[in-house]
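How does one read helices, a hairpin, a pocket and a cavity in a model? The dialogue below takes such features one at a time.

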Amino acid sequence: MNQNIPDNKHNGKIATSESVHEIDAKTGKFVRQKNRFTTPFGDQEGELPVEANRYRLLWTPLCPWAHRQKIAFALLGLDDVISTGTAHPHRSEKGWSFANNPGGVDPVLKIHYLPEIYAQTDPNYTGRATVPCVVDVKTHKVVNNDYFNLTYYWETAWKPFHKKGAPDLFPEDLREDIKALNDVIFNDVNNGVYKAGFAESQEAYEEAFDTLFARLDELEERLSHSRYLFGDRLTDSDIRLYVTLARFDIAYYPVFLCNKRRLIDYPNLWNYAKDLYSIPAFKNTTHFDAIKYYHHNEFGILPKGPDLSLWEEPNDRAEKFGGK
């Protein structure tokens with residue numbers, strides 16, 4: 001399989017596999033690429049203007065980094081001011097495609113594959129074309145693919161467009177604590193499963209595996225004392241942890257060999273995840289059939305299980321900690 005798309009006017013030199021640039025040759029460790037487009041949104045010189053109907057978020061429901069943008073959109077009401085383009089959950093040899101759209105193209109940007117818009121933006125870019133990414137529909141160029149910071153921008157710079165009654169997911173009094181916890185969640189859990197799943201040495205795999213489950217044990221203990229990660233306040237951190245938990249038993253446990261314990265083996269983490277899933281913004285953006293594409297094989301067979309009805313069962317969080 002070619003790891004790079006042929007150099008042409010449509011797709012440039014975009015990598016379509018993590019193995020091209022993101023595996024350390026000496027250790028076999030997966031080292032996630034840095035984001036290329038990181039200009040923040042704001043009203044200062046050099047920042048991206050906050051303007052309704054100017055941007056398009058490209059995502060796929062398979063990807064946890066992209067999923068958390070859609071949860072934030074739903075909670076804050078930003079779907080009304082930023083359009084969304086949805087890629088097929090199977091990443092093809094040519095990168096994320098829009099095969100699930102009529103004619104196989106994004107209806108606004110008129111592209112078949114995500115690498116096209118990256119190559120239009122920077123013909124010399126050789127990294128992977130990743131989701132989520134934000135495209136300026138005026139220029140048809142990628143302006144931000146900084147998955148780590150995007151939700152912060154939706155929660156702050158885009159506040160003038162929040163719907164009435166939107167939750168404060170990034171309250172000023174907790175911002176430093178939220179950022180500190182998010183760093184831990186990212187390194188050990190969100191990206192931790194990928195460090196295990198993409199490792200190309202036994203040592204790298206076991207190091208990621210041990211770190212992941214040590215952190216899950218700590219989070220299990222933390223959630224024995226409060227309904228959410230920060231007491232009774234739903235925050236950005238809950239979104240970030242949830243997207244990994246939603247994929248754990250269905251994908252990371254069997255496919256990435258993160259198989260010490262399942263999510264349902266952690267009483268607090270499991271009930272916490274079900275509690276979040278009961279919120280429409282989480283439930284309506286969680287597409288388990290798309291997540292199953294982690295298992296996709298050459299015959300197109302997707303697993304029939306696991307039993308997803310378990311996510312609909314009652315949780316004990318409100319009973320233990322109060323609230324609705």
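What follows is a conversation between a learner and a teacher about this predicted model.

Q: What span should the 13 residues of helix α2 have, and how far apart are its end C-alpha atoms?
A: The reasoning starts from a rise of 1.5 Å a residue, so that helix α2, residues 64-76, should span 18 Å, and the distance between its end C-alpha atoms, 18 Å, agrees with this.

Q: How many of the residues of α2 are buried?
A: A residue counts as buried when its relative accessible area is under 20%. In α2 that holds for 12 of the 13 residues, so the helix is largely enclosed by the rest of the structure. Among the buried residues are Trp 65, His 67, Arg 68, Lys 70 and Phe 73. After the helix comes Gly 77, whose phi is positive, near 85°.

Q: How does the same check of length turn out for the 20 residues of helix α8?
A: For residues 236-255 the rise of 1.5 Å a residue leads to an expected 28 Å, and the end C-alpha atoms lie 27 Å apart, which agrees. The length should be read together with the local geometry, for α8 has a kink of about 80° centred on Phe 248. As to burial, 16 of the 20 residues are buried, so α8 is largely enclosed by the rest of the structure. Just after α8, a positive phi of about 60° is found at Leu 257.

Q: In which direction do strands β3 and β4 run, and how many bridges join them?
A: Strand β3, residues 133-136, and strand β4, residues 141-144, run antiparallel and are joined by 3 bridges. In one of these pairings, Val 135 has Val 142 in β4 as its bridge partner. The hairpin has 4 residues between the strands, and His 140 in this hairpin takes a positive phi near 55°.

Q: Which residues lie nearest the centre of the largest pocket?
A: Of the 30 residues that line this pocket, Glu 18, Leu 62, Arg 91, Trp 96 and Phe 198 lie nearest its centre. The pocket holds about 840 Å³ of space, and its lining divides into 15 nonpolar, 10 polar and 5 charged residues. Helices α2 and α6 each supply at least two residues of that lining.

Q: What volume does the largest cavity have, and what lines it?
A: The structure holds 1 cavity of 30 Å³ or more, and the volume of the largest cavity is about 50 Å³. Its lining includes Ile 14, Thr 16, Arg 91, Trp 96 and Arg 128, and the lining residues divide into 5 nonpolar, 2 polar and 2 charged. Arg 91 and Trp 96 thus appear in the lining of the cavity and also among the residues nearest the centre of the largest pocket.

Methods. Residues are numbered from 1 along each chain as its sequence is written. This is a predicted model: local features need pLDDT of at least 70, side-chain atom pairs count only at pLDDT 80 or more; totals for chains, interfaces and linings use all residues. Side-chain values use heavy atoms; hydrogens and water are left out. The expected span of a helix is 1.5 Å times one less than its number of residues. Buried means under 20% relative accessible area, exposed over 50%, partly exposed in between (1.4 Å probe, protein chains only). The bend at a residue is the angle between axes fitted to the seven residues ending there and the seven starting there. Two strands pair if DSSP finds at least two bridges between them. On a 1 Å grid over the protein atoms alone, a cavity is a set of points where a 1.4 Å probe fits but cannot get out, and a pocket is an open set with protein on both sides within 12 Å along at least five of seven lines; lining residues have an atom within 4 Å of a point. Grid points are joined across faces, edges and corners, and a volume is the space filled by probe spheres set on the points. Ala, Val, Leu, Ile, Met, Phe, Trp, Tyr, Cys and Pro count as nonpolar, Asp, Glu, Lys and Arg as charged, and the others, Gly among them, as polar.
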